[in-house]
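Please look over the structure shown here. The report below goes through it part by part.

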Amino acid sequence: EYSNPLAPSSYPQYGTELDVKYCSFYLKTGACRFGDRCSRYHMKPPSSDTILLPSMFQHISLGEDFTNDLDTDSGLEHEDVDTNKVFTEFFWDVFPEFQAAGQVTMFKVCCNHEPHLRGNVYVQYQNEHEAVKAYAK
């Protein structure tokens, strides 16, 4: 079963919002809205059992700007059923490719509207060897 590594006991702020050295958001998601302009360090692991494919899933509903309260018609162009249909097709197109590299234990797609998370695909394998094999493909 998956579990996050424990924070070093000598550094109690590690991975929290109080951490002034490491970007807590990057530690949690592998993405940061500030990118290279972030004032905190983005610690990239040398290897992992999880791979991140940024913006792999694309759909028009993810690209909408929901910050404009005056544009009440923004959701009228499509329905959630359409998004679900496109996602199902996407899933059955890519998932077998990931399985060819090893045992997939988790497959998550971020449907967040923020550009740094939008469409990110996270694939976790049983071990790092399988993840490296999938990444090399």
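What follows covers one helix, its aromatic residues, a buried acid and two loop residues.

## The model and helix 2

This is a predicted model. Helix 2 spans residues 80-99. The helix has 20 residues. From its first C-alpha to its last it reaches 27 Å, close to the 28 Å expected at 1.5 Å a residue.

Which residues of helix 2 are buried? They are Thr83, Phe90, Phe91, Val94, Phe95 and Phe98. These buried residues pack against strand 1, strand 2 and strand 3. Strand 1 covers residues 50-53. Strand 2 runs over 104-109 and strand 3 over 121-125.

## A stacked pair in the helix

A search of the whole structure finds 10 aromatic pairs. Two of them are described in this report, beginning with one inside helix 2. Phe91 and Phe95 sit 4 residues apart, about one turn of the helix. Residues three or four places apart in an α-helix point the same way, because there are 3.6 residues a turn.

The ring centres of Phe91 and Phe95 are 4.7 Å apart. Their planes meet at 15°. The pair counts as stacked because planes under 30 degrees apart are classed that way. Phe91 is buried, with a relative accessible area of 17%. Phe95 is buried as well, at 13% relative accessibility.

Phe91 and Phe95 also belong to an aromatic cluster. Its other members are Phe57, Phe87, Phe90, Trp92, Phe98 and Phe107.

## An edge-to-face pair across the chain

The search for aromatic pairs, 10 in total, also picks up Tyr22 and Tyr41. This pair is edge-to-face. The rings are 5.8 Å apart, centre to centre, with 65° between the planes.

The pair links distant parts of the chain. Tyr22 lies in the segment before helix 1 (24-29). Tyr41 lies in the loop between helix 1 and strand 1. The two are 19 residues apart.

Are these tyrosines buried or exposed? Tyr22 is buried, with a relative accessible area of 13%. Tyr41 is partly exposed at 49% relative accessibility. Tyr41 misses the exposed class because that class needs over 50%.

## A buried glutamate

Glu130 sits in helix 3, residues 128-136. Glu130 is buried yet has no salt bridge. What is its nearest side chain of opposite charge? It is Lys133, 7.5 Å away. That distance rules out a salt bridge, because one requires the charged atoms to be within 4 Å.

The side chain of Glu130 does have a backbone atom beside it: a polar atom of this side chain lies 3.2 Å from the backbone nitrogen of Gln103. Leaving aside neighbours within four places in sequence, Glu130 is in contact with Ala101, Gly102, Gln103 and Tyr125.

## Two residues in one loop

His59 lies in the loop between strand 1 and helix 2. His59 is buried at 15% relative accessibility. Not counting residues up to four places away in sequence, His59 touches Asp82, Thr83 and Val86. Thr83 is one of the buried residues of helix 2. The C-alpha atoms of His59 and Cys111 are separated by 9.3 Å. Along the chain, His59 and Cys111 are 52 residues apart.

Ser55 is also in the loop between strand 1 and helix 2. Ser55 has a positive phi of about 55°, although it is not a glycine. At 34% relative accessibility, Ser55 is partly exposed.

Methods:
Residues numbered from 1 in each chain as written. Predicted model: local features only at pLDDT ≥ 70, side-chain atom pairs only at ≥ 80, totals over all residues. Heavy atoms only, no water. Buried < 20%, exposed > 50% of the residue type's maximum accessible area, 1.4 Å probe, protein only. Lys, Arg positive; Asp, Glu negative; His and termini not counted. Polar contact = N/O pair within 3.5 Å; in protein donor to acceptor, adjacent residues only side chain to side chain. Contact = heavy atoms within 4.5 Å. Phe/Tyr/Trp six-rings, centres within 6.5 Å; stacked < 30°, edge-to-face > 60°. Expected span 1.5 Å × (residues − 1).
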